[in-house]
Amino acid sequence: MAEVTLEELVKEFDDVVAVDGVSLDIPDESFTVLVGPSGCGKTTTLRLVAGLERATDGIVSIGGEVVNDKRAYERDIAMVFQNYALYPHKTVEENMRFGLEQQGTDDDVIEERVADAAQLLQIEELLDRRPSELSGGQQQRVALGRAIVRDPDVFLMDEPLSNLDAKLRVQMRAELNKLHDELDTTTVYVTHDQIEAMTLADQIAVMDAGKIQQVGEPTFVYANPRNMFVADFLGSPSMNFLEGDLRRSDSGLVVDLGGLEHEIPETHRSKVEHRVGESLALGIRPENISVAQRGYPASVEVVEPQGEKTVLELTVGDDRSLNASVEPDVDVSVGEEIRVEFDRSKLHYFDPATGESLTFSERTSDAADPVATER
Ligand SMILES: Nc1ncnc2c1ncn2[C@@H]1O[C@H](COP(=O)(O)OP(=O)(O)OP(=O)(O)O)[C@@H](O)[C@H]1O
């Protein structure tokens, strides 16, 4: 097992800078997820760790050793891909054995490892089948099995669940969690699916345009986004942003949201005060908005029951839209005028020009997030 360290990593393809100065510590035994929109450089970063691409600049270390000049097969890693990449003419067992045979591993060691992995993944009954005789989920298990038998220092996984249907994906997610609990192998996992990232990771690295925007424990990053990109990318429906000018009032500081005045809570005043006279973006997650007797007037535009919750599309102030995610039994209908309250401990303020959070703090002493505060 090993930690992986990336220092100022850069990868250019002609005039495209796919990875633009990525520094990241991936602790030993961690499950680190690189997440971000399509084209942000996740796969390229993973391929640099794997040795499938050569870095234009920067350093990749595995287990404290710089591996930039090591070929993929010289690095103690195993990769799992989206398309499974199984050998079609080999049986499941032969697919799992192949890598070890190439390495010249003793036959009895191979037997034992294949049997153990097959048991762990519950594919013992499938060992004699060929990939074409397997479902997508089974094929992905075999691909995982092939990685596990290698007993590598590091697993690298590139969107391994994205070819599975939604139900199977949820099931495999749970299995990957269990697998990691059992094996404790350092894992670097790439996905564009923020829910997958949140549920699997013990460390999440949110990427955009070749750069890491924020790294941390998923619930912390969710509750304490460093900028509007991260705030917007994590969460569904995503965070609402309401922009307006900040000014002083009798009661303190308010943001003018077009016919609606939002008062900055005392805890945040000192952090935003320097922007009096300038604009500010208020950020509030849909689940931190509730329908109430008092609060901001809002018109209900859409009511969308989603089972566990109901998403309301509202307009507030001078026609600004706002999503609220409320209990499914809330009784509101389209066209109704209601009032909504924002949870004042879950408010964020951003500089709309740079997107940077004005209220972000590495420590959450102001109880912006109860989960993170417990830590
Ligand atoms: N071999 C290559 N040659 C040229 N450009 C490339 C190459 N590989 C990747 N790129 C470019 O580098 C950028 C990052 O690509 P990368 O595949 O790392 O992104 P990604 O975040 O993994 O995206 P996706 O989720 O769509 O796979 C993109 O602009 C892509 O077009």
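Me: Two strands are said to pair if DSSP finds at least two bridges between them, and strands (E, at least two residues), like helices (H or I, at least four), are DSSP runs numbered from the N terminus. With that in mind, what stands opposite Ala205 in S10?

Reply: Ala205 stands opposite Val215 in S10. Please keep in mind that this is a predicted model, in which local features need pLDDT of at least 70 and side-chain atom pairs count only at pLDDT 80 or more, while totals for chains, interfaces and linings use all residues. Residues are numbered from 1 along each chain as its sequence is written.

Me: How do you know that S9 and strand S10 (residues 211–216) pair?

Reply: Five bridges join S9 to S10, and the two run antiparallel; the definition asks for at least two bridges, so they count as paired. The hairpin that they form has two residues between the strands, and in it Ala209 takes a positive phi near 50°.

Me: What makes strand S3 (residues 31–35) and strand S9 (residues 203–208) a pair, and in which sense do they run?

Reply: S3 and S9 are joined over four bridges in the parallel sense, with Thr32 standing opposite Gln203 in S9. S3 also pairs with strand S8 (residues 186–191), again in the parallel sense, over five bridges, and in S8 the bridge partner of Thr32 is Val188.

Me: Why is S3 described as largely enclosed by the rest of the structure?

Reply: A residue is buried if 20 or more other C-beta atoms, placed from the backbone, lie within 10 Å of its own, exposed if 12 or fewer do, and partly exposed in between. Five of the five residues of S3 are buried, so S3 is largely enclosed. Both faces are covered, with Phe31, Val33 and Val35 buried on one side and Thr32 and Leu34 buried on the other. In a regular strand the side chains alternate between the two faces of the sheet.

Me: Why does Asp14 count as exposed?

Reply: Asp14 has 5 C-beta neighbours inside 10 Å, and this falls under the limit of 12 or fewer, so Asp14 is exposed. Asp14 is found in the loop between strand S1 (4–13) and S2, and its phi is near 50°, a positive value in a residue other than glycine. Most residues other than glycine have a negative phi, and most peptide bonds are trans.

Me: How do you know whether Asp319 is buried or exposed?

Reply: Asp319 has 9 other C-beta atoms within 10 Å, so it is exposed. Asp319 lies in the loop between strand S16 (310–316) and strand S17 (320–326), and although it is not a glycine it has a positive phi of about 70°.

Me: Why is Asn177 called partly exposed?

Reply: Asn177 has 14 other C-beta atoms within 10 Å, a value that falls between the two limits, so the name is partly exposed. Asn177 is found in helix H5 (residues 166–183).

Me: Which residues have the most contacts inside the largest nonpolar core?

Reply: A nonpolar core is a set of buried Ala, Val, Leu, Ile, Met, Phe, Trp, Tyr and Cys residues joined through C-beta atoms within 7 Å. The largest one has 93 residues, and those with the most contacts inside it are Val33, Leu156, Val188 and Val206. Helix H4 (residues 136–149) gives the most to this core, with six residues.

Me: Why is this core said to lie between domain 1 (4–226) and domain 2 (233–374)?

Reply: Both domains, whose bounds come from an automatic or database domain assignment, give residues to this core, so it lies between them. The centres of domain 1 and domain 2, taken over C-alpha atoms, are separated by 37 Å.

Me: What is found at the peptide bond from Ser236 to Pro237?

Reply: The bond from Ser236 to Pro237 is cis, with omega near -5°, and Pro237 is found in the loop between helix H8 (228–233) and strand S11 (240–249).
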